[in-house]
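Biologist: Could you pick out one part of this model, take a close look at it, and then walk me outwards from there?

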Amino acid sequence: MTSEDGVLPIEPHKAFDTVLVLDFGSQYTHLITRRLRELNVYSEMLPCTQNVADLSWKPVGVILSGGPYSVYEDGAPHVDSEVFELGVPVLGICYGLQEIAWNQGKDVAAGDKREYGHAYLDVQRHPSSSPHVDKLFRGLEDDLEVWMSHGDKLSKLPPSFVTIATTSNAPFAGIAHLEKPWYGIQFHPEVTHTPRGTRLLKNFAVDICNAKRNWTMGKFVDQEVARIRTLVGEKGQVIGAVSGGVDSTVAAKLMQEAIGDRFHAVLVDNGVLRLNEAQIVKQTMTQHLGINLTVVDASELFLGRLKGVTDDPEKKRKIIGNTFIEVFQEKAKEIAAAAAGSPQEGDIEWLLQGTLYPDVIESISFKGPSATIKTHHNVGGLLEGMHLKLIEPLRELFKDEVRILGTKLGIPEDLVWRHPFPGPGIAIRILGEVTPQQVRIAREADYIFIEEIKKAGLYRKISQAFAALLPVKAVGVMGDNRVHDQVIALRAVETTDFMTADWYPFDGEFLKRVSRRIVNEVNGVCRVVYDITSKPPGTIEME
């Protein structure tokens with residue numbers, strides 16, 4: 001059974017104890033889920049507006065996230081009061097603490113001063129109270145360093161609560177109910193700035209909620225393969241686009257593990273892939289991973305449609321995206337027609353997509369008006385009219401979990417840890433018109449740059465790196481002759497979430513070596529520059 005938008009429901013709650021995280025719009029909410037997953041405790045995030053009665057499963061515990069609001073303001077988000085009737089432990093973080101207090105007596109007010117940054121917590125012990133009261137801070141020393149980010153605070157304790165932690169600015173930095181396993185903390189344990197925060201989350205999830213620590217990639221694979229086989233059936237077939245990136249490759253390999261050659265992977269060569277990429281992906285997919293792959297060479301079609309487009313990067317993206325849909329849809333119809341003519345095979349009913357959990361989070365997170373919410377479908381409008389149902393085996397996973405899964409499935413390490421590559425490919429790394437000559441220059445320079453990064457042992461330390469071709473020419477001297485050739489800009493960044501990024505600080509000798517090779521080996525280039533713009537104000541890609 002599918003939902004209205006065709007997305008298959010995933011029910012890991014039957015296999016894994018689940019801690020439910022309710023999101024009030026904090027920039028840190030997804031980190032709560034990540035930290036719990038790192039503890040091998042399965043966690044799922046839903047918006048704070050979630051109606052408890054609509055859940056088809058019961059969590060073993062609930063965490064209320066932080067948020068940018070004030071609980072006492074008109075229009076502030078509030079949790080369904082039935083959360084407190086579930087009979088499971090509840091932990092409120094920052095806004096979540098204030099939400100618990102608001103629900104229990106509305107004793108929340110604006111603070112005298114905002115508390116942002118590092119603070120030191122004084123833990124209060126209550127050995128004579130109920131046994132659960134001291135469990136949250138068990139094993140955590142006094143003067144605990146934590147990260148604060150709040151303006152409001154409790155004006156007094158709610159009824160039946162005791163103080164379990166204070167700071168110099170927040171007399172109720174931690175509270176606990178005397179009878180029920182309800183806790184509130186004013187700081188953020190999920191961020192790295194709270195060094196012992198993961199231990200606190202473990203205390204809550206494992207010691208208080210009694211969640212089993214059985215969320216592992218091995219169990220996930222077993223569960224997902226069984227689920228796919230049940231859904232697709234003994235003869236059903238699945239089609240999906242692959243790019244050579246880690247997400248689509250891992251999704252494809254998982255599908256192949258489940259149904260073998262009844263999965264049809266399609267790689268569309270759009271003419272703006274990296275050097276030799278189509279051949280490398282085909283070899284890896286077919287020979288090393290055993291995936292049923294069709295490569296469609298549409299490079300002339302794509303480059304023909306890009307001809308003459310010079311200074312409109314959005315137009316480039318639309319041309320490439322629309323052409324991809326056209327080519328992929330035509331190939332999908334061919335594969336479906338061939339399958340329909342085989343009595344041994346079933347119809348193609350399913351479309352594989354490599355949607356990840358961050359995409360799902362962006363779709364469900366409590367952010368305000370629905371117009372600001374991004375759809376999690378990563379190929380919007382694909383195969384319209386073909387009535388395919390989506391199957392998204394990675395939609396529970398974060399990027400680091402996908403890489404762990406890829407390793408477990410036997411995918412080569414260099415592919416598992418490959419840097420992101422944009423859908424429009426090198427086309428948005430060529431500033432100006434995209435021509436075969438410009439593609440050649442950008443490809444060759446990029447290949448040299450990445451090769452030298454790998455030789456220096458820096459590839460895993462850098463989140464994304466590439467060479468871009470600028471739409472200018474500069475004067476140079478080569479072989480005693482004056483030349484007027486093009487300029488390559490190198491870009492390399494470090495980031496954890498790709499929302500912000502810093503440029504990577506290569507040493508001068510490395511940059512000298514890369515520059516020398518590009519100028520000497522790439523015909524048409526006479527200068528190389530290094531982009532040291534952080535994000536913001538710049539973006540990671542050039543266009």
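Modeller: Sure, with one term first: a strand here is a DSSP run of E at least two residues long, a helix is a run of H or I of at least four, and both are numbered from the N terminus. Bear in mind that this is a predicted model.

Let's start with Gly-538, which sits in the segment after strand S18 (525–530). Its relative accessible area is 18%, and buried means under 20%, so Gly-538 counts as buried. Ala-501 lies 37 residues away from Gly-538 in sequence, yet the two C-alpha atoms are 9.1 Å apart in space.

Next, the helix pair. Helix H12 (residues 436–455) and helix H13 (residues 508–521) have axes that come within 10 Å and cross at roughly 150°. Angles over 145 degrees count as roughly antiparallel, so that is how H12 and H13 run relative to each other. The crossing of H12 past H13 is right-handed. On the H12 side, the contact includes Glu-444, Ala-445, Ile-448 and Phe-449, and on the H13 side Phe-510, Arg-513 and Val-514 are among the residues met. Sorted by type, the residues of this contact come out as seven nonpolar, seven charged and no polar.

Now for the sheet. Five strands make up an open sheet with parallel pairing, in the order S12-S11-S10-S13-S14. Strand S12 (293–297) and strand S14 (389–391) are the edges, each pairing on one side only. On average, neighbouring strands are turned by 30° against each other, direction ignored. At one end of that order, strand S13 (residues 348–352) pairs with S14 in the parallel sense over three bridges, and Trp-350 has Lys-389 in S14 as its bridge partner. Helix H4 packs on this sheet, where it touches strand S10 (237–241), S13 and S14, and its direction makes about 165° with that of S14. Helix H6 (residues 277–288) packs on the sheet too, touching strand S11 (263–269) and S12, with its direction at about 170° to that of S12.

H4 also leads us to helix H10 (residues 399–408). Glu-401, Val-402, Arg-403, Leu-405 and Gly-406 are buried in H10. The buried residues of H10 pack against H4 (217–232), along with helix H1 (29–38), helix H5 (246–259) and helix H11 (413–416). After H10 comes Gly-410, which has a positive phi, near 85°.

Terms used. Residues numbered from 1 in each chain as written. Predicted model: local features only at pLDDT ≥ 70, side-chain atom pairs only at ≥ 80, totals over all residues. Heavy atoms only, no water. Buried < 20%, exposed > 50% of the residue type's maximum accessible area, 1.4 Å probe, protein only. Contact = heavy atoms within 4.5 Å. Axes fitted to C-alpha atoms, helices over the stretch in contact; angles between N-to-C directions. Parallel < 35°, antiparallel > 145°, perpendicular 65-115°, else oblique. Left-handed = near helix turned anticlockwise from the far one by under 90°. Nonpolar A, V, L, I, M, F, W, Y, C, P; charged D, E, K, R; others polar. Pairing = 2+ DSSP bridges.
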